[in-house]
Amino acid sequence: MNSILDKKSELLTLFTPGDGGDAPPFLAGRESEKQFFQLAVYTLMKKHQGYQNMIVYGPRGNGKTSLLHNLADNSSKEYGESIEILWVTPSEIRTPEKLDHWIRSEGREAAPVVQEITGKVKAFIAEATANLKIQRSDGIKTAIQERCTANPVVLIVDEAQRLDEKTAEDLLNASQTVRWKNLPFFLVLSGTPGLMSTLSQAEATFWERCEIFPLGRLSLQESVEALIKPLESFDIQFAENVAERVAIKTHCYPFFIQLWGKCLMEELVHKEQHIISMETVFDAESKVNMRIHQMYAKRFSELDDQELLHPAAEIARAFIYNENRPIPILEVNKLAGKKESVKKLEHLGYIWRVMRAEGEQLGYEPGIPSLMGFIKEQTAGLS
Ligand SMILES: Nc1ncnc2c1ncn2[C@@H]1O[C@H](COP(=O)(O)OP(=O)(O)O)[C@@H](O)[C@H]1O
Ligand SMILES: [Mg+2]
(Lines give C-alpha, C1' and ligand atoms only; values in the text may rest on other atoms or scores of the structure.)
(Ligands and ions follow the chains in the order given, each with its own letter.)
Protein backbone atom coordinates (compact mmCIF):
# COMPACT_ATOMS: atom_id res chain seq x y z
CA MET A 1 0.00 0.00 0.00
CA ASN A 2 1.12 3.50 -0.73
CA SER A 3 1.69 4.92 2.72
CA ILE A 4 1.61 8.67 3.12
CA LEU A 5 5.13 8.37 4.51
CA ASP A 6 6.37 7.47 1.01
CA LYS A 7 5.40 10.93 -0.01
CA LYS A 8 6.70 12.53 3.15
CA SER A 9 9.44 14.66 1.70
CA GLU A 10 7.32 15.74 -1.23
CA LEU A 11 4.48 16.79 1.04
CA LEU A 12 6.72 18.62 3.47
CA THR A 13 8.15 20.70 0.64
CA LEU A 14 4.96 21.12 -1.36
CA PHE A 15 3.82 24.49 -0.05
CA THR A 16 6.32 27.31 -0.29
CA PRO A 17 6.00 30.07 2.29
CA GLY A 18 8.81 32.27 1.08
CA ASP A 19 9.81 35.11 -1.17
CA GLY A 20 8.51 33.88 -4.50
CA GLY A 21 11.84 32.22 -5.38
CA ASP A 22 10.14 28.81 -5.13
CA ALA A 23 6.94 28.83 -7.12
CA PRO A 24 3.74 28.07 -5.18
CA PRO A 25 2.46 24.58 -6.05
CA PHE A 26 -0.61 26.19 -7.62
CA LEU A 27 -0.73 29.84 -8.60
CA ALA A 28 -4.32 30.82 -7.91
CA GLY A 29 -6.20 33.68 -9.56
CA ARG A 30 -4.44 36.58 -11.33
CA GLU A 31 -6.40 35.94 -14.52
CA SER A 32 -6.40 39.49 -15.89
CA GLU A 33 -2.66 39.85 -15.31
CA LYS A 34 -2.04 36.55 -17.08
CA GLN A 35 -4.22 37.51 -19.99
CA PHE A 36 -2.58 40.90 -20.44
CA PHE A 37 0.91 39.37 -20.38
CA GLN A 38 -0.06 36.63 -22.83
CA LEU A 39 -1.48 39.17 -25.29
CA ALA A 40 1.65 41.26 -24.96
CA VAL A 41 3.89 38.30 -25.76
CA TYR A 42 1.60 37.24 -28.58
CA THR A 43 1.88 40.71 -30.13
CA LEU A 44 5.63 40.66 -29.77
CA MET A 45 5.95 37.26 -31.41
CA LYS A 46 3.29 37.29 -34.10
CA LYS A 47 3.17 40.94 -35.08
CA HIS A 48 6.74 41.76 -34.16
CA GLN A 49 5.53 44.88 -32.39
CA GLY A 50 5.91 46.31 -28.93
CA TYR A 51 3.22 46.36 -26.28
CA GLN A 52 2.00 48.78 -23.65
CA ASN A 53 4.06 48.62 -20.44
CA MET A 54 2.71 46.63 -17.52
CA ILE A 55 3.00 47.78 -13.92
CA VAL A 56 2.24 45.43 -11.03
CA TYR A 57 2.23 46.77 -7.50
CA GLY A 58 1.10 45.62 -4.10
CA PRO A 59 2.23 44.98 -0.54
CA ARG A 60 4.90 42.39 0.21
CA GLY A 61 3.72 38.79 0.21
CA ASN A 62 0.84 39.28 -2.20
CA GLY A 63 2.58 37.32 -4.92
CA LYS A 64 4.22 39.73 -7.35
CA THR A 65 7.45 37.76 -7.79
CA SER A 66 5.60 34.43 -8.02
CA LEU A 67 3.28 35.81 -10.66
CA LEU A 68 6.12 37.17 -12.78
CA HIS A 69 8.04 33.90 -12.58
CA ASN A 70 4.91 32.05 -13.65
CA LEU A 71 4.32 34.37 -16.61
CA ALA A 72 7.95 34.19 -17.68
CA ASP A 73 8.04 30.39 -17.41
CA ASN A 74 4.88 29.94 -19.42
CA SER A 75 6.01 32.22 -22.23
CA SER A 76 9.34 30.57 -22.32
CA LYS A 77 7.69 27.15 -22.57
CA GLU A 78 5.51 28.36 -25.41
CA TYR A 79 8.05 30.28 -27.48
CA GLY A 80 11.36 28.77 -26.36
CA GLU A 81 14.52 30.39 -27.67
CA SER A 82 12.70 32.77 -29.96
CA ILE A 83 11.88 35.16 -27.13
CA GLU A 84 14.30 36.74 -24.67
CA ILE A 85 13.01 37.25 -21.17
CA LEU A 86 15.36 39.40 -19.13
CA TRP A 87 14.84 39.65 -15.40
CA VAL A 88 16.49 42.22 -13.22
CA THR A 89 16.24 42.99 -9.52
CA PRO A 90 17.77 46.42 -9.15
CA SER A 91 19.50 46.22 -5.80
CA GLU A 92 22.69 47.43 -7.42
CA ILE A 93 21.58 48.53 -10.86
CA ARG A 94 20.28 51.87 -9.83
CA THR A 95 21.84 54.20 -12.33
CA PRO A 96 20.99 54.57 -16.04
CA GLU A 97 24.57 53.62 -16.98
CA LYS A 98 24.46 50.38 -15.06
CA LEU A 99 21.07 49.44 -16.46
CA ASP A 100 22.19 50.28 -19.98
CA HIS A 101 25.25 48.09 -19.58
CA TRP A 102 23.21 45.31 -18.08
CA ILE A 103 20.66 45.26 -20.90
CA ARG A 104 23.48 45.02 -23.44
CA SER A 105 25.45 42.30 -21.73
CA GLU A 106 22.94 40.18 -19.84
CA GLY A 107 23.12 36.52 -20.88
CA ARG A 108 25.88 37.30 -23.36
CA GLU A 109 29.64 36.86 -23.12
CA ALA A 110 31.13 38.44 -19.96
CA ALA A 111 27.59 38.48 -18.70
CA PRO A 112 26.92 39.20 -15.05
CA VAL A 113 24.88 36.05 -14.66
CA VAL A 114 24.43 35.02 -11.08
CA GLN A 115 21.63 32.55 -11.22
CA GLU A 116 19.45 31.09 -13.89
CA ILE A 117 15.89 30.57 -12.78
CA THR A 118 13.76 27.50 -13.30
CA GLY A 119 13.11 25.68 -16.52
CA LYS A 120 14.21 27.00 -19.82
CA VAL A 121 13.51 30.58 -18.90
CA LYS A 122 16.23 32.83 -20.15
CA ALA A 123 16.03 35.10 -17.22
CA PHE A 124 18.69 36.03 -14.79
CA ILE A 125 18.93 37.64 -11.42
CA ALA A 126 21.45 40.40 -11.72
CA GLU A 127 22.28 41.30 -8.19
CA ALA A 128 26.01 41.31 -8.57
CA THR A 129 26.64 43.65 -11.45
CA ALA A 130 27.76 46.54 -9.30
CA ASN A 131 31.34 45.41 -9.40
CA LEU A 132 31.52 45.06 -13.16
CA LYS A 133 33.47 47.54 -15.17
CA ILE A 134 30.89 49.84 -16.67
CA GLN A 135 31.30 50.51 -20.37
CA ARG A 136 30.70 53.87 -21.95
CA SER A 137 26.97 54.35 -22.07
CA ASP A 138 25.04 55.69 -24.99
CA GLY A 139 21.71 55.20 -23.38
CA ILE A 140 19.14 52.65 -22.35
CA LYS A 141 17.20 53.34 -25.53
CA THR A 142 20.02 52.21 -27.82
CA ALA A 143 20.69 49.24 -25.56
CA ILE A 144 17.07 48.09 -25.86
CA GLN A 145 17.01 48.77 -29.59
CA GLU A 146 20.09 46.63 -30.15
CA ARG A 147 18.83 43.92 -27.88
CA CYS A 148 15.52 43.43 -29.65
CA THR A 149 16.78 43.32 -33.21
CA ALA A 150 17.44 39.57 -33.01
CA ASN A 151 14.51 38.38 -30.91
CA PRO A 152 11.59 40.08 -29.17
CA VAL A 153 12.50 41.12 -25.64
CA VAL A 154 10.51 41.14 -22.42
CA LEU A 155 12.25 43.08 -19.66
CA ILE A 156 10.96 42.32 -16.17
CA VAL A 157 12.10 44.60 -13.36
CA ASP A 158 11.11 43.16 -9.98
CA GLU A 159 11.39 45.30 -6.84
CA ALA A 160 11.30 48.26 -9.23
CA GLN A 161 10.62 50.68 -6.35
CA ARG A 162 14.37 50.45 -5.75
CA LEU A 163 15.22 52.06 -9.09
CA ASP A 164 16.39 55.60 -8.67
CA GLU A 165 14.26 58.31 -10.24
CA LYS A 166 16.61 58.97 -13.12
CA THR A 167 16.88 55.29 -14.08
CA ALA A 168 13.11 54.82 -13.90
CA GLU A 169 12.66 57.90 -16.01
CA ASP A 170 15.21 56.84 -18.65
CA LEU A 171 13.76 53.34 -18.77
CA LEU A 172 10.19 54.55 -19.25
CA ASN A 173 11.19 57.09 -21.87
CA ALA A 174 13.30 54.51 -23.68
CA SER A 175 10.47 51.99 -23.69
CA GLN A 176 8.15 54.55 -25.21
CA THR A 177 10.55 55.56 -27.97
CA VAL A 178 11.32 51.96 -28.81
CA ARG A 179 7.65 51.14 -29.11
CA TRP A 180 7.06 54.09 -31.39
CA LYS A 181 9.63 52.54 -33.68
CA ASN A 182 7.57 49.34 -33.68
CA LEU A 183 10.30 47.28 -32.11
CA PRO A 184 9.16 44.15 -30.25
CA PHE A 185 9.77 45.25 -26.68
CA PHE A 186 7.62 44.81 -23.58
CA LEU A 187 8.47 46.28 -20.19
CA VAL A 188 7.09 44.94 -16.91
CA LEU A 189 7.72 46.86 -13.69
CA SER A 190 6.77 45.30 -10.41
CA GLY A 191 7.14 46.63 -6.88
CA THR A 192 5.67 47.58 -3.55
CA PRO A 193 3.23 50.50 -3.38
CA GLY A 194 6.36 52.67 -3.07
CA LEU A 195 6.84 52.09 -6.80
CA MET A 196 4.00 54.46 -7.50
CA SER A 197 5.82 57.33 -5.81
CA THR A 198 9.10 56.44 -7.58
CA LEU A 199 7.25 56.69 -10.88
CA SER A 200 5.41 59.87 -9.93
CA GLN A 201 8.75 61.53 -9.20
CA ALA A 202 10.23 60.46 -12.53
CA GLU A 203 9.68 62.90 -15.33
CA ALA A 204 7.79 60.53 -17.54
CA THR A 205 4.20 61.42 -16.87
CA PHE A 206 2.84 59.01 -19.45
CA TRP A 207 3.54 56.14 -17.04
CA GLU A 208 -0.01 56.59 -15.80
CA ARG A 209 -1.14 55.31 -19.15
CA CYS A 210 0.67 52.01 -18.70
CA GLU A 211 -1.60 49.12 -17.81
CA ILE A 212 -1.54 49.11 -14.02
CA PHE A 213 -2.41 46.06 -11.94
CA PRO A 214 -2.77 46.49 -8.18
CA LEU A 215 -2.04 43.03 -6.74
CA GLY A 216 -4.26 42.54 -3.73
CA ARG A 217 -5.12 39.49 -1.71
CA LEU A 218 -6.86 36.56 -3.42
CA SER A 219 -10.59 35.92 -3.34
CA LEU A 220 -11.89 33.29 -0.92
CA GLN A 221 -12.54 30.89 -3.78
CA GLU A 222 -9.03 31.37 -5.17
CA SER A 223 -7.54 30.85 -1.71
CA VAL A 224 -9.44 27.58 -1.35
CA GLU A 225 -8.11 26.47 -4.74
CA ALA A 226 -4.56 27.37 -3.72
CA LEU A 227 -4.95 24.99 -0.76
CA ILE A 228 -6.83 22.14 -2.44
CA LYS A 229 -5.34 21.83 -5.93
CA PRO A 230 -1.77 20.93 -4.95
CA LEU A 231 -3.10 17.99 -2.91
CA GLU A 232 -5.19 16.38 -5.63
CA SER A 233 -2.39 14.26 -7.03
CA PHE A 234 -1.54 13.03 -3.52
CA ASP A 235 -5.08 11.86 -2.87
CA ILE A 236 -5.29 14.10 0.16
CA GLN A 237 -8.55 15.85 0.92
CA PHE A 238 -9.99 18.45 3.21
CA ALA A 239 -13.03 17.37 5.24
CA GLU A 240 -16.22 19.27 4.43
CA ASN A 241 -15.89 23.08 4.70
CA VAL A 242 -12.46 22.78 6.26
CA ALA A 243 -10.60 24.31 3.30
CA GLU A 244 -12.91 27.36 3.46
CA ARG A 245 -12.27 27.74 7.17
CA VAL A 246 -8.52 27.59 6.65
CA ALA A 247 -8.79 30.08 3.77
CA ILE A 248 -10.59 32.49 6.09
CA LYS A 249 -7.82 32.07 8.65
CA THR A 250 -5.25 32.97 5.98
CA HIS A 251 -7.10 36.26 5.28
CA CYS A 252 -6.62 35.23 1.63
CA TYR A 253 -3.08 36.58 1.97
CA PRO A 254 -0.91 34.42 -0.36
CA PHE A 255 2.04 34.14 2.02
CA PHE A 256 -0.24 32.88 4.81
CA ILE A 257 -1.88 30.37 2.45
CA GLN A 258 1.51 28.77 1.84
CA LEU A 259 2.38 28.92 5.52
CA TRP A 260 -0.87 27.22 6.48
CA GLY A 261 -0.37 24.63 3.74
CA LYS A 262 3.08 23.78 5.01
CA CYS A 263 2.04 23.49 8.66
CA LEU A 264 -0.97 21.34 7.73
CA MET A 265 1.32 19.02 5.80
CA GLU A 266 3.60 18.72 8.82
CA GLU A 267 0.61 17.65 10.92
CA LEU A 268 -0.64 15.15 8.34
CA VAL A 269 2.74 13.56 7.89
CA HIS A 270 3.23 13.42 11.63
CA LYS A 271 -0.14 11.72 12.15
CA GLU A 272 0.05 9.64 8.97
CA GLN A 273 -3.41 10.74 7.87
CA HIS A 274 -4.78 11.76 4.50
CA ILE A 275 -7.84 13.78 5.48
CA ILE A 276 -7.43 17.31 6.80
CA SER A 277 -9.99 17.70 9.55
CA MET A 278 -10.68 20.59 11.90
CA GLU A 279 -8.59 18.75 14.45
CA THR A 280 -5.60 18.87 12.07
CA VAL A 281 -6.24 22.59 11.64
CA PHE A 282 -6.31 23.27 15.39
CA ASP A 283 -3.13 21.26 15.86
CA ALA A 284 -1.35 23.14 13.08
CA GLU A 285 -2.54 26.53 14.27
CA SER A 286 -0.04 27.09 17.05
CA LYS A 287 2.87 26.56 14.65
CA VAL A 288 1.33 28.92 12.13
CA ASN A 289 0.75 31.54 14.79
CA MET A 290 4.31 31.25 16.02
CA ARG A 291 5.67 32.00 12.53
CA ILE A 292 3.22 34.86 12.04
CA HIS A 293 4.11 36.26 15.43
CA GLN A 294 7.81 36.30 14.49
CA MET A 295 7.01 38.08 11.27
CA TYR A 296 4.83 40.64 13.04
CA ALA A 297 7.52 41.24 15.63
CA LYS A 298 9.79 42.24 12.74
CA ARG A 299 7.14 44.53 11.30
CA PHE A 300 6.71 46.07 14.75
CA SER A 301 10.44 46.85 14.94
CA GLU A 302 10.32 48.35 11.45
CA LEU A 303 7.54 50.70 12.55
CA ASP A 304 9.34 51.49 15.78
CA ASP A 305 12.64 52.24 13.98
CA GLN A 306 10.88 54.71 11.74
CA GLU A 307 8.94 56.24 14.65
CA LEU A 308 5.67 55.21 13.12
CA LEU A 309 4.13 53.31 16.03
CA HIS A 310 1.74 56.09 17.00
CA PRO A 311 0.15 56.63 13.60
CA ALA A 312 0.24 52.86 12.95
CA ALA A 313 -1.68 52.25 16.18
CA GLU A 314 -4.29 54.90 15.38
CA ILE A 315 -4.83 53.44 11.95
CA ALA A 316 -4.94 49.89 13.32
CA ARG A 317 -7.70 50.82 15.76
CA ALA A 318 -9.69 52.49 13.00
CA PHE A 319 -9.39 49.46 10.72
CA ILE A 320 -10.47 47.08 13.45
CA TYR A 321 -13.46 49.28 14.20
CA ASN A 322 -14.23 49.34 10.48
CA GLU A 323 -13.87 45.54 10.21
CA ASN A 324 -10.87 46.01 7.91
CA ARG A 325 -12.89 47.62 5.17
CA PRO A 326 -11.21 50.48 3.25
CA ILE A 327 -10.95 53.88 4.97
CA PRO A 328 -11.08 57.07 2.87
CA ILE A 329 -7.74 58.78 2.23
CA LEU A 330 -8.54 62.01 4.07
CA GLU A 331 -9.56 60.11 7.15
CA VAL A 332 -6.32 58.12 7.18
CA ASN A 333 -4.35 61.36 6.77
CA LYS A 334 -6.16 62.75 9.77
CA LEU A 335 -5.58 59.63 11.87
CA ALA A 336 -1.86 59.63 11.07
CA GLY A 337 -1.46 63.32 11.86
CA LYS A 338 1.28 63.89 9.28
CA LYS A 339 1.12 63.24 5.55
CA GLU A 340 4.73 62.11 5.76
CA SER A 341 3.75 59.26 8.11
CA VAL A 342 1.08 58.05 5.71
CA LYS A 343 3.65 58.00 2.90
CA LYS A 344 6.06 56.00 5.04
CA LEU A 345 3.36 53.54 6.13
CA GLU A 346 2.40 53.12 2.51
CA HIS A 347 6.02 52.56 1.60
CA LEU A 348 6.26 49.74 4.14
CA GLY A 349 3.08 48.19 2.79
CA TYR A 350 1.38 48.61 6.19
CA ILE A 351 -1.46 50.25 4.31
CA TRP A 352 -2.04 50.68 0.61
CA ARG A 353 -4.39 52.52 -1.66
CA VAL A 354 -7.02 50.41 -3.31
CA MET A 355 -8.82 51.27 -6.46
CA ARG A 356 -12.46 51.33 -5.61
CA ALA A 357 -15.50 50.86 -7.76
CA GLU A 358 -16.54 53.84 -9.84
CA GLY A 359 -18.24 56.52 -7.81
CA GLU A 360 -16.76 55.33 -4.51
CA GLN A 361 -14.19 57.28 -2.55
CA LEU A 362 -10.53 56.31 -2.87
CA GLY A 363 -9.34 54.61 0.26
CA TYR A 364 -6.63 52.67 2.10
CA GLU A 365 -6.73 49.00 2.98
CA PRO A 366 -4.48 47.20 5.47
CA GLY A 367 -1.56 45.39 3.77
CA ILE A 368 -2.23 42.44 6.11
CA PRO A 369 -5.48 42.68 8.11
CA SER A 370 -4.37 40.60 11.10
CA LEU A 371 -1.32 42.82 11.56
CA MET A 372 -3.73 45.54 12.69
CA GLY A 373 -4.81 43.41 15.66
CA PHE A 374 -1.20 42.71 16.59
CA ILE A 375 -0.24 46.40 16.51
CA LYS A 376 -3.33 47.30 18.49
CA GLU A 377 -2.43 44.78 21.20
CA GLN A 378 1.22 45.77 21.31
CA THR A 379 0.46 49.45 21.58
CA ALA A 380 -2.37 49.10 24.07
CA GLY A 381 -0.66 51.48 26.47
CA LEU A 382 -0.24 54.28 23.92
CA SER A 383 -2.72 57.11 24.02
N1 LIG B 1 -1.41 33.30 -6.68
C2 LIG B 1 -0.87 32.64 -5.66
N3 LIG B 1 -1.45 31.50 -5.20
C4 LIG B 1 -0.89 30.83 -4.18
N5 LIG B 1 0.22 31.21 -3.53
C6 LIG B 1 0.83 32.34 -3.92
C7 LIG B 1 0.32 33.10 -5.01
N8 LIG B 1 1.12 34.16 -5.18
C9 LIG B 1 2.09 34.08 -4.26
N10 LIG B 1 1.94 32.99 -3.49
C11 LIG B 1 2.80 32.64 -2.34
O12 LIG B 1 2.83 33.81 -1.51
C13 LIG B 1 4.14 34.07 -1.01
C14 LIG B 1 4.58 35.46 -1.39
O15 LIG B 1 4.76 35.56 -2.77
P16 LIG B 1 5.81 36.55 -3.45
O17 LIG B 1 5.74 36.28 -4.89
O18 LIG B 1 7.14 36.47 -2.78
O19 LIG B 1 5.16 37.98 -3.09
P20 LIG B 1 5.77 39.43 -3.31
O21 LIG B 1 6.75 39.34 -4.43
O22 LIG B 1 4.57 40.26 -3.65
O23 LIG B 1 6.38 39.84 -2.00
C24 LIG B 1 5.01 32.96 -1.55
O25 LIG B 1 5.15 32.01 -0.52
C26 LIG B 1 4.24 32.37 -2.71
O27 LIG B 1 4.48 31.00 -2.86
MG1 LIG C 1 8.78 39.87 -4.45
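Helices in this tour are DSSP runs of H or I with at least four residues, and strands are runs of E with at least two, each kind numbered from the N terminus. The model is a predicted one.

**The whole chain**

Begin with the full chain in cartoon representation. Its secondary structure amounts to 15 helices and 12 strands. Of its 383 residues, 44% are buried. Among contacts between residues at least 6 apart in sequence, 76% join residues at least 24 apart.

**The parallel sheet**

Next, select β1, β2, β5, β6 and β7. These 5 strands form an open sheet with parallel pairing, in the order β2-β5-β6-β1-β7. Which strands stand at the edges? They are β2 (84–88) and β7 (211–214); each has a single partner strand, so one side of each is left without a neighbour in the sheet. Averaged over the sheet, and with direction ignored, neighbouring strands are turned by 15° against each other.

Now follow the pairs across the sheet. Strands β2 and β5 run parallel and are joined by 5 bridges; here Glu-84 stands opposite Val-153. Another 5 bridges join β5 to β6, also in parallel, and in this pair Ile-156 lies opposite Val-188. To see how the chain passes from β5 to β6, add helix α6 (residues 165–180): the connection runs through this helix, and the β-α-β crossover is right-handed. Strand β1 (residues 54–57) is in turn joined to β6 (residues 185–191) by 4 bridges, again in parallel, with Ile-55 opposite Leu-189.

**Strand β5**

Isolate residues 153–157 and show their side chains. Are the residues of β5 mostly covered or uncovered? The strand is mostly covered, with 5 of its 5 residues buried. In a regular strand, side chains alternate between the two faces of the sheet. In β5 both faces are covered: Val-153, Leu-155 and Val-157 are buried on one side, and Val-154 and Ile-156 on the other.

**Helix α2**

Move to residues 31–47. Helix α2 has 17 residues and reaches 23 Å from its first C-alpha to its last, close to the 24 Å expected at 1.5 Å a residue. Colour Glu-33, Phe-37, Ala-40, Val-41 and Leu-44, which are buried. Viewed down the axis of α2, the buried residues fall within an arc of 90°, so they line one face of the helix. The elements that cover them include β1, α3, β5, β6 and β7. Rotate to the other side of α2, where Glu-31, Ser-32, Gln-35, Leu-39, Lys-46 and Lys-47 are exposed. Just after the helix, select His-48, which takes a positive phi of about 55°.

**Helix α3**

Select residues 64–79 next. The 16 residues of α3 should span 22 Å at 1.5 Å a residue, and the end C-alpha atoms are 23 Å apart, which agrees. Its buried residues include Leu-67, Leu-68, Leu-71 and Ala-72, as well as Lys-64 and His-69. Display α2, β1, β2, β5 and β6 around this helix, for the buried residues of α3 pack against them. Following α3 is Gly-80, whose phi is positive, near 55°.

**Two loop residues with positive phi**

Where does Asp-235 lie? This residue is found in the loop between α8 (220–228) and β8 (237–238). Its phi is near 60°, a positive value in a residue other than glycine. Asp-235 has 10 other C-beta atoms within 10 Å; a residue with 12 or fewer counts as exposed, so Asp-235 is exposed.

Continue to the loop between α9 (242–249) and α10 (254–271), where His-251 lies. His-251 has a positive phi of about 55° although it is not a glycine. With 18 other C-beta atoms within 10 Å, His-251 is partly exposed.

**Glu-346**

The last stop is Glu-346, in helix α14 (residues 339–347). Is Glu-346 buried or exposed? It has 21 C-beta neighbours inside 10 Å, and the cut-off for burial is 20 or more, so Glu-346 counts as buried. Show Pro-193, Ile-351 and Trp-352 as sticks: leaving aside neighbours within four places in sequence, these are the residues in contact with Glu-346. Finally, draw a distance to Pro-59, which is 287 residues away along the chain: the C-alpha atoms of Glu-346 and Pro-59 are separated by 8.7 Å.

Methods: Residues numbered from 1 in each chain as written. Chains lettered and ligands numbered in written order. Predicted model: local features only at pLDDT ≥ 70, side-chain atom pairs only at ≥ 80, totals over all residues. Pairing = 2+ DSSP bridges. Axes fitted to C-alpha atoms, helices over the stretch in contact; angles between N-to-C directions. Contact = placed C-beta atoms within 7 Å. Right-handed = clockwise from strand over helix to strand, strands pointing away. Expected span 1.5 Å × (residues − 1). Arc of directions from axis to C-beta.
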